[in-house]
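Dear colleague,

Please find below the structure I promised to hand over, together with its sequence. My notes on what was found follow directly after it.

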Amino acid sequence: MEDIYSGRVKTVANSRLTIELTHSQSACGGCAVASLCHGTDRCEMLVDAGGCGEVFEVGDEVLLTPDVRSKYRAILYCILLPLALMFLVAVSFYLCHMPQWILALGAVVVPVIYYGLLYLVRHRVESSVKWIVTRL
């Protein structure tokens, strides 16, 4: 499934684009948790997209897609690394003959610490996401 976002160029400065993304309300209409989602509270958000080779002007309608490498990096950071850390802690505690409640506690606490650290470096991770911008 392709993640494609539509939007409009808000500003162009130093080969960087600021794009106002528009959420389609129809995409959220059938969702059971739409009222809990923060993305549905507003219909616009700003995304910085680096130089993409094309010349854009303010007001141009564009499509944004994250590149494949960014998608794989997101899967790695959000799913695979915490799972591997949780598994590593559980196995190491088991091999050290720790009680099961400590093993379970360690397996729960490690992802919490990991996601806390990931939150602290979110701007660095966010800046590493590359966007492919195409004109509509």
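**Overall architecture**

Along the sequence, the secondary structure elements of the protein chain are arranged in the order β-β-α-β-β-α-α-α-β. This amounts to four helices and five strands. Please bear in mind that the model is predicted. Of the 136 residues in the protein chain, 21% are buried. Among contacts in the protein chain with a separation of 6 or more, 71% are made by residues 24 or more positions apart.

**The nonpolar core**

The largest nonpolar core consists of eight residues: Val9, Leu17, Ile19, Leu21, Phe56, Val62, Leu64 and Val133. Two elements, β2 (16-22) and β4 (61-66), each contribute two or more residues to this core. The largest share is that of β2, with three residues.

**Helix α2**

I would draw your attention next to helix α2, which runs over residues 68-95 and so comprises 28 residues by the DSSP assignment. From its first C-alpha to its last, α2 reaches 38 Å, close to the 40 Å expected at 1.5 Å a residue. The helix bends by about 40° at Leu76. Just after α2, His97 adopts a positive phi of about 55°.

Which residues of α2 are buried? They are Ser70, Pro82, Val89 and Ala90. The cover over these buried residues includes α3 (100-120).

Two positions in α2 may be compared with the segment that follows in sequence. Pro82 is found in this helix and counts as buried because its relative accessible area is 4%, under the 20% limit. Its C-alpha atom is separated by 9.6 Å from that of Ile113, 31 residues apart along the chain. Ala84 also has its place in α2, but is partly exposed because its relative accessible area of 41% falls between the limits of 20% and 50%. The C-alpha atoms of Ala84 and Pro111, which are 27 residues apart along the chain, are separated by 9.7 Å.

**Contacts of Pro82 and the tyrosine pair**

With its neighbours within four places in sequence left aside, Pro82 is in contact with Leu76, Tyr77, Tyr114 and Tyr115. Leu76 is also the residue at which α2 bends.

Tyr114 and Tyr115 are of further interest here. The count of aromatic pairs in the model comes to one. The pair is formed by the rings of Tyr114 and Tyr115, whose centres are 5.4 Å apart; it is edge-to-face because the planes stand at 70°, over the 60 degrees required. The two residues fall into separate accessibility classes: Tyr114 is buried at 14% relative accessibility, whereas Tyr115 is partly exposed at 39%.

**Cysteines**

How many disulfides does a search of the whole structure find? The search finds zero. As for individual cysteines, Cys78 is partly exposed, because its relative accessibility of 40% lies between 20% and 50%. Cys96 is exposed, because its relative accessible area of 53% is over 50%.

With kind regards

Terms used:
Residues numbered from 1 in each chain as written. Predicted model: local features only at pLDDT ≥ 70, side-chain atom pairs only at ≥ 80, totals over all residues. Heavy atoms only, no water. Core = buried A, V, L, I, M, F, W, Y, C linked by side-chain atoms within 4.5 Å. Buried < 20%, exposed > 50% of the residue type's maximum accessible area, 1.4 Å probe, protein only. Expected span 1.5 Å × (residues − 1). Bend = angle between axes of the 7 residues up to and from the residue. Contact = heavy atoms within 4.5 Å. Disulfide = S-S within 2.5 Å. Phe/Tyr/Trp six-rings, centres within 6.5 Å; stacked < 30°, edge-to-face > 60°.
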